[in-house]
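Below are my notes on the model you sent. They are set out as numbered points, one topic to each.

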Amino acid sequence: MWNTVGVSVPVLLDTTAAILLLRRHPPAEAEALIRVAKAEIEDGRAFLPAVAVTELLVGEGRPMEAARLTEALTRVPTVLLPVEAARLAGAMGAFLAGEGGPVPLPDLMVAATAAWLDVPLLTWDGDFARSLRLARTSESRHPGAEAWRKLNLHPASRNA
Amino acid sequence: MRTTLNLDRELLEEAKTALRAASFTEAIETALREVVARARAREGWAELMGSDLSWGSAEELVEYRRRFGARAP
């Protein structure tokens, strides 16, 4: 992924993008996302938000497989959520709550990490695009709405 | 560790500038760390790809997230 001044920037992989990579038989419609994710990994530009590590481990209940997953994830570049981004996540959630929508905390942490780092988010969760559209069509001046508007969804993301 | 290397001077200068390193030693160490980190990341991803570990599908996780956030104020 390249920014507007031609400098290579990293890409944040949402948990859903990581799950597609983990599938032996991923859905055909996710082919573009998987191709992009693999290219970014090969170039050393793909990062996982820390909450994605949590979500991936929540999804593995088999002890042996959980140990294998944990070990492999220690080698994958991961971004911790700094306190500034945690504040951003809170504001983004307050905006969604004000609009009457669901507020999944992992989504907020993933979105805030991408917005705070100013890097594209590659995701197969269409709710990110929905929240982004909601913020763009809203006239709200809530800081959370502003933060959502700053989110840069990678073009290969679902509904981007 | 002290050692003797035959290096391309121009390349070394360029790497030092690109990495904003204070010395040639720092530039070399930073570049080596980067290479090792990238190799480790590729190994980690290679272990994960096609492993069928974790969630059965991305949709399962999306549903889980929606349930997780459904009780917001």
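**Notes on the predicted model**

1. In chain A, 4 strands make up an open sheet with parallel pairing, and their order is 3-2-1-4. Strand 3 (78-79) and strand 4 (121-122) of chain A are the edge strands, each of them paired on one side only. The model is a predicted one, and this holds for every point that follows.

2. The pairings can be followed across the sheet. Strand 3 of chain A pairs with strand 2 of chain A through 2 bridges, in the parallel sense, and A:Val79 in strand 3 is the bridge partner of A:Pro49. Strand 2 of chain A is in turn joined by 2 bridges to strand 1 of chain A, and these two run parallel; here A:Phe47 in strand 2 stands opposite A:Leu12. At the other edge, strand 1 (residues 11-13) of chain A is joined to strand 4 of chain A by 2 bridges, again running parallel. In that pair, A:Leu13 has A:Leu122 of strand 4 as its bridge partner.

3. Which residues of strand 2 of chain A point one way, and which the other? A:Ala46 and A:Leu48 point one way from strand 2 (residues 46-49), while A:Phe47 and A:Pro49 point the other way. All of these are buried. As background, side chains in a regular strand alternate between the two faces of the sheet.

4. The largest nonpolar core contains 58 residues. Those with the most contacts inside this core are A:Leu13, A:Met92, A:Ala111, A:Ala112 and A:Leu122. Helix 6 of chain A gives the most to the core, with 7 residues. In general, nonpolar side chains of soluble globular proteins tend to be buried together.

5. A:Leu122 deserves its own entry. Leaving out residues up to four places away in sequence, A:Leu122 touches A:Val11, A:Leu12, A:Leu13 and A:Asp14, and also A:Ala17, A:Leu33, A:Val36, A:Ala37, A:His154, A:Ala156 and A:Ser157.

6. A:Ser157 is found in the segment after helix 8 (143-150) of chain A. Is this residue buried or exposed? A:Ser157 counts as buried because it has 24 C-beta neighbours inside 10 Å, where 20 or more are needed. Its contacts, again not counting residues up to four places away in sequence, are A:Leu33, A:Leu121, A:Leu122, A:Thr123 and A:Ala129. Between the C-alpha atoms of A:Ser157 and A:Ala86, which are 71 residues apart along the chain, the separation is 23 Å.

7. A:Arg133 is placed in helix 7 (residues 127-137) of chain A. This residue counts as exposed because it has 12 C-beta neighbours inside 10 Å, and the class takes residues with 12 or fewer. The C-alpha atoms of A:Arg133 and A:Val53 are 80 residues apart along the chain and are separated by 27 Å.

8. Two backbone angles should be checked by eye. A:Asp118, which is not a glycine, has a positive phi, near 60°. A:Asp118 sits in the loop between helix 6 and strand 4 of chain A and is exposed, with 11 other C-beta atoms within 10 Å. B:Arg20 is also not a glycine, and its phi is positive at about 50°. B:Arg20 belongs to the loop between helix 1 (9-18) and helix 2 of chain B and counts as exposed, with 9 C-beta neighbours inside 10 Å. For reference, most residues other than glycine have a negative phi.

9. On the interface, 32 residues of chain A and 27 residues of chain B take part in the contact. On the side of chain B that touches chain A, the elements giving two or more residues are helix 2 (24-48) and helix 3 (58-69) of chain B. Helix 2 of chain B gives the most to this side, with 9 residues. By class, this side of chain B has 13 nonpolar, 8 charged and 6 polar residues.

10. How do helix 6 of chain A and helix 3 of chain B cross? The axes of helix 6 (residues 105-117) of chain A and helix 3 of chain B come within 7 Å, with a crossing angle of roughly 105°. The two helices are therefore roughly perpendicular to each other. A:Leu105, A:Pro106 and A:Asp107 of helix 6 meet B:Arg65, B:Phe68 and B:Gly69 of helix 3. The residues of this contact divide into 3 nonpolar, 2 charged and 1 polar.

Notes. Residues numbered from 1 in each chain as written. Chains lettered and ligands numbered in written order. Predicted model: local features only at pLDDT ≥ 70, side-chain atom pairs only at ≥ 80, totals over all residues. Contact = placed C-beta atoms within 7 Å. Nonpolar A, V, L, I, M, F, W, Y, C, P; charged D, E, K, R; others polar. Pairing = 2+ DSSP bridges. Axes fitted to C-alpha atoms, helices over the stretch in contact; angles between N-to-C directions. Parallel < 35°, antiparallel > 145°, perpendicular 65-115°, else oblique. Core = buried A, V, L, I, M, F, W, Y, C linked by C-beta atoms within 7 Å.
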